[in-house]
Amino acid sequence: MIGVLLALTSAAAYGVSDFFGGLASRRVDALRVILVSYPLSAVIVTVLAIFVGGEFSWHAMLFGAASGLALALAMWWFYIALAEGPMSVVSPMTAVLVAGIPVVVGVALGERPSTISFVGVGLAIIAVLLVSREPADASPGTPAGLAGLAGLAPTLPGALNASTLKPGPLNLGALNPGLGALGSAPRFTRRVAWFTIGSGVFFAFAFIFVHQIEAGTGLWPLVASRGVASVIVIAAAVATRQHGLLPRGIVGIAVIIALLDVAANVTMLYAFQGGLLSLVSVLIALYPAFTVLLAVLVLKERVGRLQVAGMGLALAAITAIAISG
């Protein structure tokens with residue numbers, strides 16, 4: 001039961017982080033926000049690691065670094081896919097990969113969840129798919145409110161939050177000005193498909209890598225994770241020339257995102273160390289529901305019927321997994 005609570009806490013932190021990331025992205029490019037939040041989260045995790053202690057392990061550090069690399073690349077590619085392709089396809093496809101691949105890997109490694117747990121896993125994957133969908137009444141080529149962040153993983157997991165980048169809405173016009181100028185709906189091209197699949201797979205493997213970190217190593221593996229991710233973000237910002245100073249009002253949001261990113265990753269680490277990969281991963285993958293819920297409660301965003309149904313299925317999935325645990 002504790003593992004379920006930790007996983008849901010991680011999902012909530014990721015979802016709230018993406019909510020704030022969406023607010024910030026209405027004013028500046030998302031990468032500029034991450035350029036502040038990621039290095040800051042790395043510093044915070046390092047300070048916490050000193051106090052938490054733990055046994056140093058090269059095995060754990062390598063898997064931590066691998067998770068940071070996977071998350072950073074996944075988030076970068078996910079943003080590209082969102083900017084160039086239809087969100088109604090990109091976001092759900094990424095979300096299903098993030099939720100489904102760890103389940104397959106967990107079972108292949110010998111995990112045998114109960115029948116009720118498998119029912120919960122199935123409901124969770126469907127829930128992520130529905131919640132991540134763009135409402136049907138959204139205008140072509142633009143995300144429908146903060147729900148557009150639903151497919152962002154991990155600020156997935158803390159990803160480049162958006163993590164984490166998990167995914168008001170992303171400003172597609174800022175990421176790809178040509179879309180707004182042409183006024184044409186984005187197409188799911190082969191290039192977009194590769195970025196979409198790549199981001200989903202790497203998000204999923206970030207979960208798998210974190211699950212391989214053994215207990216007793218403290219938070220040092222997260223230091224490696226956030227450090228590697230920060231280096232990649234800085235390199236991406238320099239390469240794309242998106243490294244200007246943030247407006248004063250956005251700096252505070254970036255700090256909040258960094259704190260949420262730390263909370264999400266710490267609880268994720270302990271959840272994976274105390275639970276099955278196949279169950280914990282799908283619970284954390286439900287974080288889009290928290291983003292959508294905040295959009296409804298705070299910004300009075302409208303959501304589609306499928307998203308509402310998805311949130312209902314998410315509750316059913318959580319109940320099934322909690323009962324079996």
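A nonpolar surface patch of about 440 Å² is formed by Val43, Val47, Ile50 and Phe51. Val47 belongs to helix H2, which spans residues 30–52. The model is predicted. Its protein chain contains 13 helices and 0 strands, and 56% of its 325 residues are buried.

**Surface**

- The exposed area of the protein chain comes to about 12800 Å², and carbon and sulfur atoms account for 72% of that area.
- Val47, one of the patch residues, has a relative accessible area of 43%. Val47 counts as partly exposed because this value falls between the 20% limit for buried residues and the 50% limit for exposed ones.

**Fold elements**

- Read from the N terminus, the elements of the protein chain are α-α-α-α-α-α-α-α-α-α-α-α-α.
- Helix H11, residues 277–284, is mostly covered, with 8 of its 8 residues buried.
- The buried residues of H11 are Leu277, Ser278, Leu279, Val280, Ser281, Val282, Leu283 and Ile284. Serine thus appears in this buried set at positions 278 and 281.

**Nonpolar cores**

- The largest nonpolar core has 72 residues. Within this core, Phe203, Met268, Phe272, Leu283, Ile284 and Leu286 touch the most other members.
- Helix H3, residues 58–84, gives the most to this core, contributing 10 residues.
- A second core, separate from the largest one, has 8 residues, including Ile250, Ile253, Ala254 and Ile257.
- Leu283 and Ile284 are among the core residues that touch the most other members, and both are also buried residues of H11.
- Leu286 is in contact with Ala124, Ala127, Val128, Ala314 and Ile318, when neighbours within four places in sequence are left aside.
- In soluble globular proteins, nonpolar side chains tend to be buried together.

**Salt bridge between Arg226 and Asp261**

- The structure holds 2 salt bridges, and one of them joins Arg226 to Asp261, with the closest N and O atoms 2.9 Å apart.
- Arg226 lies in helix H9 (residues 220–240) and Asp261 in helix H10, so this pair ties together parts that are 35 residues apart in sequence.
- Helix H10, where Asp261 is placed, covers residues 248–274.
- The C-alpha atoms of Asp261 and Arg226 are separated by 9.7 Å, while a polar contact of 2.9 Å joins their side chains.
- Both partners, Arg226 and Asp261, are buried. Asp261 has a relative accessible area of 2% and is classed as buried because the limit is under 20%.

**Salt bridge between Glu84 and Arg191**

- Another salt bridge is formed by Glu84 and Arg191, where the closest N and O atoms are 2.7 Å apart.
- Glu84 is partly exposed, at 25% relative accessibility.
- Arg191 is likewise partly exposed, at 45% relative accessibility.
- The partners Glu84 and Arg191 are thus partly exposed, whereas Arg226 and Asp261 are buried.
- Side chains of opposite charge can pair when their charged atoms come close.

Methods
Residues numbered from 1 in each chain as written. Predicted model: local features only at pLDDT ≥ 70, side-chain atom pairs only at ≥ 80, totals over all residues. Heavy atoms only, no water. Helix = DSSP H or I, 4+ residues; strand = E, 2+ residues; numbered from the N terminus. Buried < 20%, exposed > 50% of the residue type's maximum accessible area, 1.4 Å probe, protein only. Areas by Shrake-Rupley, 256 points an atom, 1.4 Å probe, with all protein chains shown as cover. Core = buried A, V, L, I, M, F, W, Y, C linked by side-chain atoms within 4.5 Å. Contact = heavy atoms within 4.5 Å. Patch = residues over 30% accessible without salt bridge, like charges linked within 9 Å, V, L, I, M, F, W, Y side chains within 5 Å. Salt bridge = Lys/Arg side-chain N within 4 Å of Asp/Glu carboxyl O. Polar contact = N/O pair within 3.5 Å; in protein donor to acceptor, adjacent residues only side chain to side chain.
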